[in-house]
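Please prepare a short briefing on the empty spaces inside this protein model. It should cover the cavities and the largest pocket.

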Amino acid sequence: MREIVNLCGEWQMRFCNGECMTEGFEDTIILPDTTSNAKKGKLNPKREKGHLTDIYKFEGSCAFRRVITLPKLEAGETGILHLERTRITKLFIDSESCGMRDSLCTSHNYDITRFCDGNEHEIIIEVSNVGYKTRGGHMTSPDTQTNWLGITGRMEVQCFGKVYAKNLVVTPDVEGKAFVVECDIVGSECGSVCVKASCGDDVHSVEAEFSAGKLSVHIPLGENAKLWSEFERNLYEISVDTGCDLQTVTAGLRKLSVNGNKFEINGKKTFLRGKHDGLIFPETGYAPTDKKSWLKVMETAKQYGINHYRFHTCCPPKAAFEAADELGIYMEPELPFWGSICAKDEEGYNEQEQEYLISEGIAILREFGNHPSFCMMSMGNELWGNRQRINEIMGILRSFDSRPLYTEGSNTFQFVPDTVENDDFFCGVRLSRERLIRGSYAMCDAPLGHVQTDEPSTLKDYDSIISGQLPDSLKGNINPDGTIQIQYGTGVKTVKASDMTDGFNPKMPIVTHEIGQYETYPDYNEIEKYKGPLRARNFEIFRERLCDKGLGELANDYFVASGKLAMACYKEELEAVLRSKLLAGCQILDIQDFSGQGTALVGVLNAFMENKGIISDSEWREFFSETVLLARFDRYVYRGSDSFKAKVQLCDYSDKSLCGKTLRWSLGKHSGEMQIGEYENYCDIGDIEIDCLNEQEGKLTLTLSVGDIKNHYDLYVVKTVDSVDFTGCIIVRELDEQTENALNEGKTVLLCAKPDEDKSIEGFYCQDFWCYPMFRSISESMGRKVPVGTMGLLIDKSHPALKGFVTESYSTPQWWKAVSHSRSEILDNNADGVKVIVRTIDNFERNHNLGLIYEYNKGNGKVVVCNVDLEAIASSPEGRALAQSLADYTRN
C-alpha cells in the first residue's frame, strides 16, 4: 500500500439500541480499546463465582463517532477502512451505510474509496457483541477473554495505488529451495511486477508477468536458502512491487509434514509439546494486538518447554503469529465453535452457522496463512454431529489453502473417535472407552486415568494402547471367558481383553488432548493483581468461604501443598507422554491457570503467565522439554535394605545429538556413568542396579545428568518395620466405658474407627481434576458419581506422631496406600480442641475441615484418631512404618 492514515485516538461514543444516530454522543473513548477496559458504562455489582467478573460488563451495541479528513485519492486508487479486531460492525459515513462485517477472528475491511476526496467526513462505527451467527467459543466466552465490546488493534485507512497486489499467498518449497508467490493484481489485467524475497542481506528478486489479473511466480532462493523451524527461525520478507504500490508479507521456508505416525519439520521428526490457549489476558480482558506482549507470554511458555500452541475455539491476532514466527512456535488456530455439525437432512442442521464457520475459516487462512508458524488448523473443540459433513467443511478449507495440516477437531466424538479423509492427524483422549491416552479424566468421563488410579511409578507409557496390543505383562493372564483383570486404584477391575485392544487405530500422528488438568488451591495473594476491568471476585468468595469455616489461616499452606501434589502429577503424566514412542505430541490444559469454567487453577503459572512459586521453570523443563532424561522404576518407596533397579532412557527431539556423551547418575551413596550410543529420538541408555540401598530412612534423590541436561526423582526410604509393636497401646474402634476410664486415668487412646460415609470423604490420592464445582455439576446432571474433589494432604511433619515416618508437609508417594484406604472425617462442627496432624485439603466450594489423622484431649487423656485402615496397608513397608510411628506416639 502507498499510504496509511491512522484512525487511533479520541472518538465520541455512546451505548445505543442498534439505530444509527448522529446525536447523543456524550462520552469519549480512546480507541483502540474496549468499553470495559476504558471503564465505560455502569459498574457491574455481580460477584461471579465461576469466572472473573467484568466490572463494566455490557452486552449490546456501542457507536463510535469521529469527524476525519480522509485522504485524497487519484482516479483508480483504492481506500480501505481497516479494523484489525472487533465484533459485529456497521460502518456509516455521512449517515450513509457502508455495510456490515461480522468476523470474530479476522479484520473488518470496508471499501470507502468514494469518500476519499481529501475532505472532512463523519464516520460512525457501530459495534455489537450480541447477535453472533455462532456462539464463538473462547472468542466470546466470559471464561477467557470475555465477550468484550470495542475495537482493538490497528484502525486505519489503507490507500492502495492504481495497480496493487491483493490476497498474497506464499507457499514454501523446501525441496526446491524456493517460494511460490500467488496473488490477485487489482487495477490491471496484464503486465509485469517485481517480486522479492529477502532475509537480511540475502535478497532474491524476479521480474514476473501476470495475466487475467493473476500472478504466480517461482522465486529460487539459492543453495544457501535459510529454513524455518523451532530451532532455525529465519524469516523472509516477500514483496510485490507493481510500480505504484508495494505489498509485503512475512514467510518462512519450512515444510511441516506427516511421516507415518510422526510429524516432520523440514524432514526431521518433531514432537509437539503444546499448551492450550484461550486468549486469557486478565489485565485487559482481551487479547493484545502488539507483538511485544505476545513475545513476553510466548517466551515464558518456551521456558516451560512449549513449542506448540493450540488455540481452543479461537484464533489469535496477527501479533501472536508474528511472535511465534520469531520464536519458532508451531501454531494451531481453531474455528470458534464447540458443538454439533449436522448434515442437511439431520435435526440440528444450522446452515447459517455452518456457512459462517466456513467463511471464518477461509478468512483466517487468508489473513494469517503466510506466517510460517501457522502450521495446523482445527475445525473446533469436542465436536459431535455428522462426520461426513465435518469432512466436507475441512475439504472446503483444504481446497482453499492446502499449506497447514488439518484435523477434524480436538477430541471429536469423544468416546467413539475416528478419523476422516481430510484428517492429517488425530487429537483426542482415548482410542476406545478403555484405551486411554492420557493420565487423568473427569469422573463423568470415567474410567479414570493411570495418574488418578495407580500407585505412583515411572513405568507408564501409551505404546501398547496405541498399537492395540496387550502389554506383555497381561498377555498370559486372559481368562477362559476372554476377560482380564487390570489394576484400578488399590484393587482390580475385570474387563474384556478385547476392550484393551479393540477400537480405533489411527494410521497417522496422534496428539493427546488437554492433558493434565491438575488443580491447585487458590493463592489469595493474587487478588490484588486484578486492577483492570476483570476482578477476582470469585477468589474473594472462595476466601470468605474458607474463613467462614475457621480455616482462613491455612490458605497459603493449602496453596503450596496442593501445588506440590499437582506438579508431581504433571511430572508423572508428562513423562509418560515422552516415554511413548508412538505419540506425536501432547497439548497441556494448561501451564496457565484457567480463570473460568468454575475457576480451574490448573497451571504452573497463574492467569497472568507468572510463576506461582511452586516449581521453577528449570525444574519443570527437567521433565518437559526437547531433551528429557527418564528413569523407569516401579515404585518410589523403599526400605534401607531394598534393592533398586531402574532403566535409564532418553527422549530427544532437539537439533543436537547426545550420541557419545556420558550420562552420570547418583542415588545416595551410589553413582555411575553410562555412554550414550546412536539413536533416533529415543534411546535406552542403560540400567541402574543396586543390590542394597544401605540407606537410613529419609528422602533419597536419584539424579541423572548429561552436561546441563538433568532430571531427578525423590524416593523415600521408610523405617524398616517387620511387625508393628503395639505393646502398651490402647487401640479401639469406638470409645466405650472402658476407654473412657482409661482416658480419665490420663491414658492415650488410638481410635481407628471407620467414619460414617455421610460424615466423611473417601480417600483419593491424586490431585482434583480441573475444578470440583464444574464437574460436580456435570456429574449430577448426568446421574453419575461426583468427583471426590480433594486436593492432597497438608501434614504437620514435625508432630511427634509422625516422628518415625518420613514425610514432607504435602502428599508424597509413601502416603498413597494410606490415603487410598482411608476416609477423611468432616470436622466442620467438631473442631473445638482438635489438633489436626494430617489434614486432607478440600476444594474451594465445600471447604470442609477434613481430618485424616487428628487428636484431642478428653478427660485427663488424649484421643488420637486415625482414619486410615491400618490393617489394609499392613502388608506394605510404608503402612507398617506409619502404624509403628502412631503406636510409638500413643504408647502408654
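On a 1 Å grid over the protein atoms alone, a cavity is a set of points where a 1.4 Å probe fits but cannot get out, while a pocket is an open set with protein on both sides within 12 Å along at least five of seven lines; a lining residue has an atom within 4 Å of a point. A volume is the space filled by probe spheres set on the points, which are joined across faces, edges and corners. This is a predicted model, in which local features need pLDDT of at least 70 and side-chain atom pairs count only at pLDDT 80 or more, but totals for chains, interfaces and linings use all residues. Residues are numbered from 1 along each chain as its sequence is written, and side-chain values use heavy atoms, with hydrogens and water left out.

**Cavities**

- The whole structure holds 7 cavities of 30 Å³ or more.
- The largest cavity encloses about 110 Å³.
- It is lined by 13 residues, with Gln452, Phe764, Asp768, Phe769 and Pro787 closest to its centre.
- The second largest cavity has a volume of about 90 Å³.
- Its lining has 14 residues, and those nearest its centre are Phe764, Thr790, Leu793, Val819 and Thr840.

**Largest pocket**

- The largest pocket has a volume of about 1300 Å³.
- Of its 39 lining residues, His82, Ser107, Gln158, Gln247 and Glu367 are the closest to its centre.
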